[in-house]
Amino acid sequence: MRLGVLDIGSNTGHLLVVDAHRGAAPLPAYSHKEPLRLAEHLEDGEISTGGVKALTTFVADAVVVAEDKGALDMLGFATSAVRDARNSDAVLDHVAEKTGVRIAVLPGADEARLTFLAVRRWFGWSAGRLAVFDIGGGSLEIAGGSDEEPDVAWSIPLGAARLAREHFAGAMPDDHGIRTLRKMIRATIAEDAGHLLRGGPPDVAAATSKTFRSLARICGAAPSGEGPLVERVLTLDSLQTWIPKLVGMQPEALAALPGVSPSRTHQIVPGALVAEAVMDIFDLAELQICPWALREGVILERLDQLSDRASG
C-alpha cells in the first residue's frame, strides 16, 4: 500500500510517500518538504495570514506530488504550532476547502505516544524499558514504558523554534539571558519529571527528530549519508563541551556546522539547552538517536488499524 503522510510540524511541512505493509518497515519512496516555520508565524496566538497562505500552498502542492507518486491514501496531521494557535480550526477549515485535505491536530500526549511506538518498533523488545524524547519546533515530547503503549506520555511547550522566537529575538542572549532561559527550561521539565522517574532507570534512552540528530552530528555522530542503520549516540559530556562554543558562534559559523540546516541555526542553542536539561534531569549519560519518529508512528498505527479491520 502506498501512502502519503503529510506532517505539518512547527518548523517544516513534510510529505513522505511510503510503501507500507503490515509486518514490514515503512519504505520511503519519495520526500517533499518546505520550511513553513509556522511556530514563527504565530502573532498574538494566531497563525498569521502569511502562515496560512504558506500552509495552504504547501498542502496543495503535496496533494499533486502524492498523486503523481501513486499514493492511494493521504494521512495528514499537525503538531504544536497549529495545536496551540487560537485560530487552528479556521486555518484547517480553509486548508480543507482549498485543497480537499482534512488535517488532524494531534494532542501532545498522542504525539509522544506515537513517537514512542515508532521508537519501540525500531529498537524492539530487547530495548527493555524505554524512555523517548523528541524536541520539535514547538514542544518537547517525553514518553516511557516497557510495552508498545507507553506507561507515561506528555508534551511540554519547550520546542526549539518556540524558545528561539520568545527568548532570542534575532540575537543571542547575554550570559544572564542564557542562565535565565536555562533555569526556566529545567524548572519546566522537572515539574513533571516524576512521571518517568518513578518507573526507574530506562534500559534504553532514545531521542528522535531533527534537533537531536543535528546535535548528535555536531558532537561527532555519523552523517546521514551513512544510512539509518549506523548507531548514533549523543553523550552529555560532548554536549556540555559544545554548548559554550555554540553560544559564542555567529549565525554563519553555526550554519557551517555539520548537520545544521541554515534555516535552523537560530534554534540550535535553545535546542541544545533543552537536550542538556533532559539528560541532566533524567540522569542520562547518553541518548541513542532513533531514525524513526512521529511520522513512522502514524504510519505504523494506521497499518495496525487496517490489519485489525481485515481480521475482524
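Strand S1, which covers residues 2-8, pairs with strand S6, residues 73-78, in the parallel sense over 6 bridges, where two strands are said to pair if DSSP finds at least two bridges between them. Helices and strands here are DSSP runs, numbered from the N terminus, with H or I over at least four residues for a helix and E over at least two for a strand. If you look for individual partners, Gly4 has Met74 of S6 as its bridge partner, and Val5 has Leu75 of S6.

Before going on, I should say that this is a predicted model, in which local features need pLDDT of at least 70 and side-chain atom pairs count only at pLDDT 80 or more, while totals for chains, interfaces and linings use all residues. Residues are numbered from 1 along each chain as its sequence is written, and side-chain values use heavy atoms, with hydrogens and water left out.

Let me stay with S1, which also pairs with strand S2, residues 13-19, this time in the antiparallel sense over 7 bridges. S1 and S2 form a hairpin with 4 residues between them, and Leu6 stands opposite Leu15 in S2. Is S1 largely enclosed or not enclosed by the rest of the structure? Of its 7 residues, 6 are buried, so S1 is largely enclosed by the rest of the structure; buried means under 20% relative accessible area, exposed means over 50%, and partly exposed lies in between, using a 1.4 Å probe and protein chains only.

These strands belong to an open sheet of 5 strands in the order S3-S2-S1-S6-S7, with mixed pairing. S3 (27-34) and S7 (104-105) stand at the edges with a single partner strand each, so one side of each is left without a neighbour in the sheet. As general background, side chains in a regular strand alternate between the two faces of the sheet.

Just after S7 we come to Leu106, found in the loop between S7 and helix H4 (108-123). Leu106 counts as buried, at 12% relative accessibility. Which residues does Leu106 touch, not counting those up to four places away in sequence? They are Phe77, Ala78, Arg83, Leu114 and Leu294, where contact means heavy atoms within 4.5 Å.

Now to two arginines, the one in helix H6 (residues 175-191) being Arg186. Arg186 is buried, with a relative accessible area of 14%, and, leaving aside neighbours within four places in sequence, Arg186 is in contact with Glu276, Ala277, Asp280 and Ile281. Arg213, in helix H8 (residues 209-218), is partly exposed, with a relative accessible area of 38%. Between Arg213 and Glu226 there are 13 Å from C-alpha to C-alpha, and the two are 13 residues apart in sequence.

Finally, let us step back to the whole protein, which has 12 helices and 13 strands. With 312 residues, a compact globule would have a radius of gyration near 20 Å, and the 19 Å of the protein agrees with this; the radius is taken over C-alpha atoms, and the globule rule is 2.2 Å times the number of residues to the power 0.38. The C-alpha atoms fill a box of roughly 55 × 45 × 35 Å, taken along the principal axes. Of the 312 residues, 51% count as buried, and among contacts with a separation of 6 or more, 69% are between residues 24 or more positions apart.
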